[in-house]
Amino acid sequence: MGRFVVCDHPLIQHKVTFLRDKNTDTKQFRELVDELSTLMAYEVTRDIPLETVTVETPVSEAEGRVIAGRMLGLIPILRAGLGMVDGMLKLLPSAKVGHIGLYRDPETLKPVEYYFSLPSDVTERELIVLDPMLATGGSANAAIESLKQRNCRPTKLVCLIAAPEGVKAVQEAHPDIDIYVAALDKYLNDHGYIVPGLGDAGDRLYGTK
Ligand code: PRP
Ligand code: URA
């Protein structure tokens, strides 16, 4: 079974609290998603392999460790996942970015794919799927499945707020995927919204309704 990690660093908890607040406006919401994504990137890359190199300091030789040529790709699920890309790229500037367009049908809550675009060398990269919300898990599972069908290597799913139902659904469908969240909430309501959650992440990011 892949790892399930709640990244509960005090800075993350602080920012998630303001993200949830209905009085947080679009500008602040976008900034918070960006900052949280950078903090999550730090947690998500803890297991990146390093290699030993030697450098010359002004005083002597020094042995140091650097990232071992890892090739990463970020795959935001549109729309809301887009809000996480820049924050992640601050710490992972060499990552390439692909996009999967999915929306949740409001009646069935099933994901509908409307866009798919990946970098040309995507099969050589380890892929991190981004979506602020993991509710039923339908969108994340569909994105991971689409990537696997195209011989890609998704390894991690990074979300800001998750419902237990969504975590379970992804763990059952894709036990090889590590899941990182900033907060694990209580449950899904009858409309498939996370409680307490933050409402509709896409609408709050882009000021739509
Ligand atoms: C939201 C969210 C996830 C999905 C989560 O997207 O960003 O992609 O719902 O729900 P699930 O786990 O039940 O699939 P939405 O469908 O509202 O599209 P949007 O990002 O374009 O607003
Ligand atoms: N998508 C959202 O944006 N919010 C939820 O609570 C559930 C799905």
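**Empty space and the ligand 2 site**

Just 1 cavity of 30 Å³ or more turns up in the structure, which is a predicted model. The largest cavity comes out at a volume of about 30 Å³. Its lining is made up of V44, T45, I48, R70, L72, E126, I128 and K156. Sorted by class, that lining of the largest cavity splits into 4 nonpolar, 1 polar and 3 charged residues. The charged part consists of R70, E126 and K156, while T45 is the polar member.

Then there is the pocket side of things. The largest pocket is the space taken up by ligand 2. Around ligand 2 sit R104, M133, A135, G192, Y193, I194, G199, D200 and A201. This shell counts 5 nonpolar, 2 polar and 2 charged residues. The two glycines, G192 and G199, supply the polar share, and R104 and D200 the charged one.

Backbone atoms of the shell come up in several polar contacts with ligand 2. A polar backbone atom of I194 lies 2.8 Å from an oxygen atom of ligand 2. A201 likewise places a backbone N or O atom 2.8 Å from an oxygen atom of the ligand. With G199, the ligand partner is a nitrogen atom, again 2.8 Å from a backbone N or O atom of the residue. As for cover, ligand 2 has 240 Å² of accessible area on its own, and the protein covers 88% of it.

Notes:
Residues are numbered from 1 along each chain as its sequence is written. Chains are lettered from A and ligands numbered from 1 in the order in which they are written. This is a predicted model: local features need pLDDT of at least 70, side-chain atom pairs count only at pLDDT 80 or more; totals for chains, interfaces and linings use all residues. Side-chain values use heavy atoms; hydrogens and water are left out. A residue is near a molecule or strand if one of its heavy atoms lies within 4 Å of it. A polar contact is a pair of N or O atoms within 3.5 Å; within protein, one must be able to donate a hydrogen and the other to accept it, and residues adjacent in sequence count only if both atoms are side-chain atoms. Accessible areas come from the Shrake-Rupley method with a 1.4 Å probe; for residues, only the protein chains shown count as cover. On a 1 Å grid over the protein atoms alone, a cavity is a set of points where a 1.4 Å probe fits but cannot get out, and a pocket is an open set with protein on both sides within 12 Å along at least five of seven lines; lining residues have an atom within 4 Å of a point. A molecule sits in a cavity or pocket if more than half of its atoms lie within 2 Å of its grid points. Grid points are joined across faces, edges and corners, and a volume is the space filled by probe spheres set on the points.
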